[in-house]
Amino acid sequence: MITAMTVLTAEKHPNADSLWIYTLRSNLKKPVLQVCANLTNVYEAGDLVAVCQVGHDVGEFVITERRVRGALSQGMMIGVIADVTSGDDVTEACSDWDLG
């Protein structure tokens, strides 16, 4: 599932110059996630972003919880999204996005 989530914090990864560590909140069962992401898009606290949840198929691979340079990552951020509420399933709305 791809879920709309609100960015709570954004901090530079202490072990990688090109990564950020984000904490995100939704109103689902597991309301706070930590996701590591690169510098292509840098998000700020308060941004509403689409996040691929653990278990979601993205092309030829499945999103898994893993450590990235020692920091836990629990999903994949794919971009800012509008006109939805944090916690909404936005899988269909993101169906035409290039996730490869």
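Which residues does alanine 50 touch, not counting residues up to four places away in sequence? The exercises below lead through this and related points.

**Conventions**

This is a predicted model, in which local features need pLDDT of at least 70 and side-chain atom pairs count only at pLDDT 80 or more, while totals for chains, interfaces and linings use all residues. Residues are numbered from 1 along each chain as its sequence is written, and side-chain values use heavy atoms, with hydrogens and water left out.

**Exercise 1. Describe the surroundings of alanine 50.**

Step one is to place the residue: alanine 50 is found in strand β4, where strands (E, at least two residues) and helices (H or I, at least four) are DSSP runs numbered from the N terminus. Step two is its accessibility: alanine 50 counts as buried because its relative accessibility is 0%, buried being under 20% relative accessible area, exposed over 50%, and partly exposed in between, with a 1.4 Å probe and protein chains only. Step three answers the opening question: with contact meaning heavy atoms within 4.5 Å, alanine 50 touches Ile2, Thr3, Met76, Met77, Ile78, Gly79, Ile81, Val90, Cys94 and Trp97, not counting residues up to four places away in sequence. Finally, alanine 50 and alanine 93, which are 43 residues apart in sequence, have C-alpha atoms 9.7 Å apart in space.

**Exercise 2. Set valine 49 beside alanine 45, and state whether each is buried or exposed.**

Begin with valine 49, whose place is in strand β4 and which is buried, with a relative accessible area of 0%. Leaving aside neighbours within four places in sequence, the contacts of valine 49 include Thr3, Ala4, Leu24, Tyr43 and Val80; the C-alpha atoms of valine 49 and valine 80, 31 residues apart along the chain, are separated by 4.2 Å. Turn then to alanine 45, which lies in the loop between β3 and β4 and is exposed, with a relative accessible area of 55%. With neighbours within four places in sequence again left aside, alanine 45 is in contact with Val7 and Leu8, whereas its C-alpha atom lies 19 Å from that of isoleucine 2, at a sequence separation of 43 residues.

**Exercise 3. Identify the largest nonpolar core and the strands that supply it.**

A nonpolar core is a set of buried Ala, Val, Leu, Ile, Met, Phe, Trp, Tyr and Cys residues joined through side-chain atoms within 4.5 Å. The largest has 12 residues, among them Met5, Trp20, Leu33, Ala37, Val49 and Met77. At least two residues of this core come from each of β1 (2–12), β2 (19–25), β3 (32–38) and β4 (48–53). A second, separate core of 11 residues includes Ala4, Val58, Ile81 and Val90. Within the first list, alanine 37 touches Ser18, Leu19, Trp20, Tyr22 and Met77, residues up to four places away not being counted.

**Exercise 4. Characterise the chain as a whole.**

Start from the secondary structure, which consists of 0 helices and 9 strands. Next, compare the radius of gyration with the globule rule (C-alpha atoms; 2.2 Å times the number of residues to the power 0.38): a compact globule of 100 residues would have a value near 13 Å, and the chain, at 12 Å, agrees. Along its principal axes, the C-alpha trace spans about 35 × 30 × 25 Å. Of the 100 residues, 41% count as buried, and residues 24 or more positions apart account for 57% of the contacts with a separation of 6 or more.
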